[in-house]
Amino acid sequence: MQGFRTRSDKALKWAFIASLSIILLLILVPVFHAIQLSLFQSESFISNKNWVGLANYIRILNDVVFWRSLWVGLVFGLLTIGLQVFLGIIFALFLDRSFPGLPIIRGIVILPYLLPTVVVALAFQWMLDGTLGLLTIWAEQLGFGRPSWFENSYLAMTVVIISSVWTWTPFVTVSFLAALQTIPKSLYESAKVDGAGLWSQFWHVTIPMILPMLMVIILLRSIWMFNKFDIVWLLTKGGPSSATEHLPILAYRRAFLQYDVGGGAAVATLSFLILSVLILIYFYYFPLEDKESSN
Amino acid sequence: MENHKELDVLTMQANEANQDKKIQKFGRREILKSAIAGAALFAGGAPAVHAQQKTIRFLNAEPSRDSVKALRVAAAEYERISKVKVIIDTVIPDDAYNKLQASIAAGTPYDIGTLAFAGHVFILADAGKLVPLNKLVSKHKWGPRILFPINGQNYWYPYDYNFCWMYYRKDLYEQKGLKVPTTWEQMAENAKALTGDGKFGVAQPLGNNAAAQWMSLGYMWADGVKLLDDNFSLVVDNPTNKPKVMAYLDFMKKLSPSMPQGMTQALFGTVLSQYSSGQVAHAPYAGRLMEVIEDKAPDLVAKTGFFMYPDSAGKGQAVNHGYDGWVVLNTPMKDESLKFMEWFTENQYINFLHSAPLHFQPPRLDVYDDARWRAHPLVEKHANLVEFMKSFLTRKDVIIRSVDTEGPRVDLRPAKMFETFAITEALQNVVYNGMPSSEAADIMAKKYRTVL
């Protein structure tokens, strides 16, 4: 850090401090408010609040529903992140090559990410409608009968995962594509000269070069998918029989529907803590390299 | 008289000014001066005028075009006669309570709100946010199980019973030689007989949502099941009720092959469209279904009949309870809000009911005999349906129940039970997961106990 010496540096410093203050305010105030709410028992946001200390946490941690929701969230998060990263890399490798119509294909690939989540959810609901849904009819024509997409626990989870992967894989693809295009072609040429095949080039050149991006993508997608509420709520509302009810939905249900504001806030706070711990573990094992150390 | 004189003088001055205008040409400077003076006058005067006008904010949760129109017309009429402005904001019913709650928490509460859940009335009243409406309510006679008094006070003014019963296709019944079912067995047989060729016998929502709890529990109520006793103790799994619950769950499993796919996703609109498109032969709903087929599928109107949910033995009948009403909030405008409500409920109540003439079932008994209400073409045309609906209020043998109104009085405990969706999960466990009904009933009871 060279310090802020010139006048423009000072302006930059104040702009940085101002931005940081606003961000901290916007993050810390809701977090502290949620933590504060979790220490009270209250039936609504307008009812009298009774101080209960950690009782909400003890109650939630002793509730099998919390652990089931945590498990559902982990399954949903891990599968969606894994599939998004896997498919994202494959699509990025494909789009990194030169072929006719490439700009159009690249444009089409990003489309799902541009759609509002509610549109994606409605589209999937229509395609999977038990009577008129396109996929339902195709499944029947292929001899699978009419699948109970939203009645069967495993199918419902599959639908939620596939719709999430469909929507957010383009983000991963574009990120990896950007990373791929920074890899010098000379590295591949050198590898070829050394007799490396396609797989060897991918494993020994591509992966090491996109590793920093891969780490960031996994981190970002983990945060987003672990907290993902909209697509699950719009598609299944956590059903059937709570099979897709993960922690964000549980927190919402408790706070806004089941007259348990303290319990909902405790679930949200625990979810925040669990995610923070997971991220710290992630950083411990996969530290993001800064510029100086990489040099 | 003094005013008249002043007016005359002002008129004369204005006329003189107009005469002058014809001969005098204003320069640009004069025009600018006048404009600045006018703007200053407006800027200075506008807040004063605004401050003088009283405003009531009304949160409406009936988003249909006709209902919004009825409220807006009433608001305009009230402003005309009282100079009090009534602002109508509209949200979907599911959002009403949260919006009301948010407005209170933000320090800008609505003055009047619409609620569709007794538990929400209870919370707001308990927090001192509502004003009793005893004076308004006591002016009329009301049907049963609708006023939900809290500690002897009436905090809400109901406008709709929102009962749910069954509709069926009379023409298909005739073709197949079926009779209106009086038992679960007959209901299942009829639904089965009407299933085939891409058509289904019955639509019964089974998801974790309000639609399923409103449309699919009537059979259970008809069999006399109670969830809570008079002390708010859970009795759904006692030796009297548990066998009935199990039988109900088994009956729904038997009925399920006659339902279209996707019943866990089915909501209110799903059932309306399934019936009006001819996809299902039975559908549970309130008067809205008849309004919809009058509008979208008029050929079905004459082919549609209705009956209450039957019980297992042909002895009992039930309708599932639902309700909507208005509350007045404890705001600085509460006196004006009460005046507005007094005027509205005396002068515009029927107009508002006419915005959904068959769906908004009047909880006020005087309305049924009011020629103004009966004069609506749909109320006149469907007099038999209206009489059927009225019979829920007058017949002693009709069971009126819902999860959220269980127990001896309004309380948050049944409201919490409603939101657990334990009963719909039991249905899903039995119908889709093949769980024995006894086990599903036990899980349901256990889940209910967590909130009691």
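Which residues does Met127(A) touch, not counting residues up to four places away in sequence? In this predicted model, the answer is Gly133(A), Leu134(A) and Leu135(A). Met127(A) belongs to helix H5 of chain A, which covers residues 117–127. Its surroundings hold 17 C-beta neighbours inside 10 Å, so Met127(A) counts as partly exposed. A buried residue would need 20 or more. Ile89(A) lies 38 residues from Met127(A) in sequence. In space, the two C-alpha atoms are 27 Å apart.

Chain A as a whole contains 13 helices and two strands. Its C-alpha trace spans about 70 × 70 × 30 Å along the principal axes. Of its 295 residues, 32% count as buried. Among the contacts in chain A with a separation of 6 or more, 66% join residues 24 or more positions apart.

Chain B has 452 residues, and 46% of them count as buried. There are 22 helices and 12 strands in this chain. Residues 24 or more positions apart make up 72% of the chain B contacts with a separation of 6 or more.

The two chains meet. Chain A brings 25 residues to the contact, and chain B brings 28. On the side of chain A that touches chain B, seven residues are nonpolar, 13 are polar and five are charged.

Chain B is divided into two domains. Domain 1 takes in residues 53–162 and 323–386. Domain 2 takes in residues 165–320 and 421–449. Each domain is thus assembled from two stretches of the chain. Their C-alpha centres lie 30 Å apart. Where the domains touch, eight residues of domain 1 are in contact with seven residues of domain 2. The domain 1 side of this contact holds four nonpolar residues, four polar residues and no charged ones.

The largest nonpolar core has 135 residues. Those with the most contacts inside it are Ile112(B), Val121(B), Trp156(B), Leu249(B), Tyr309(B), Val327(B) and Ala426(B). Helix H11 of chain B, residues 241–255, gives the most to this core, with seven residues. Both domains of chain B give residues to the core, so it lies between them. Ile112(B) illustrates the packing. Not counting residues up to four places away in sequence, Ile112(B) touches Ile56(B), Phe58(B), Leu59(B), Trp326(B), Val328(B), Leu329(B), Ser337(B) and Met341(B). Another core, of 46 residues, lies apart from the 135-residue one. Among its members are Phe76(A), Ile81(A), Phe91(A) and Leu235(A).

Helix H8 of chain B, residues 184–193, has a buried side. Its buried residues are Trp184(B), Met187(B), Ala188(B), Asn190(B) and Ala191(B). They cover an arc of only 165° around the axis, which puts them on the same side of H8(B). What do the buried residues of H8(B) pack against? Their partners in chain B are strand S6 (200–202), helix H10 (218–222), H11, strand S7 (280–285) and S9. H11 is also the helix that gives the most to the largest core.

Strand S9 of chain B takes part in an open sheet as well. This sheet has three strands in the order S9-S10-S12, with mixed pairing. Its edge strands are S9 (309–310) and S12 (398–401), each of which pairs on one side only. Strand S10, residues 317–320, pairs with S12(B) in the parallel sense over four bridges. Two positions show how these strands line up. Ala318(B) has Ile399(B) of S12(B) as its bridge partner. Asn320(B) stands opposite Arg401(B), also in S12(B). The faces of S12(B) are unlike in their cover. Ile399(B) and Arg401(B) form the covered face, whereas Val398(B) and Ile400(B) form the uncovered one.

Terms used. Residues are numbered from 1 along each chain as its sequence is written. Chains are lettered from A and ligands numbered from 1 in the order in which they are written. This is a predicted model: local features need pLDDT of at least 70, side-chain atom pairs count only at pLDDT 80 or more; totals for chains, interfaces and linings use all residues. Domain bounds come from an automatic or database domain assignment. Two residues are in contact if their C-beta atoms, placed from the backbone, lie within 7 Å. Ala, Val, Leu, Ile, Met, Phe, Trp, Tyr, Cys and Pro count as nonpolar, Asp, Glu, Lys and Arg as charged, and the others, Gly among them, as polar. A nonpolar core is a set of buried Ala, Val, Leu, Ile, Met, Phe, Trp, Tyr and Cys residues joined through C-beta atoms within 7 Å. A residue is buried if 20 or more other C-beta atoms lie within 10 Å of its own, exposed if 12 or fewer, and partly exposed in between; C-beta atoms are placed from the backbone. Two strands pair if DSSP finds at least two bridges between them. The arc is that of the directions from the helix axis to the C-beta atoms.
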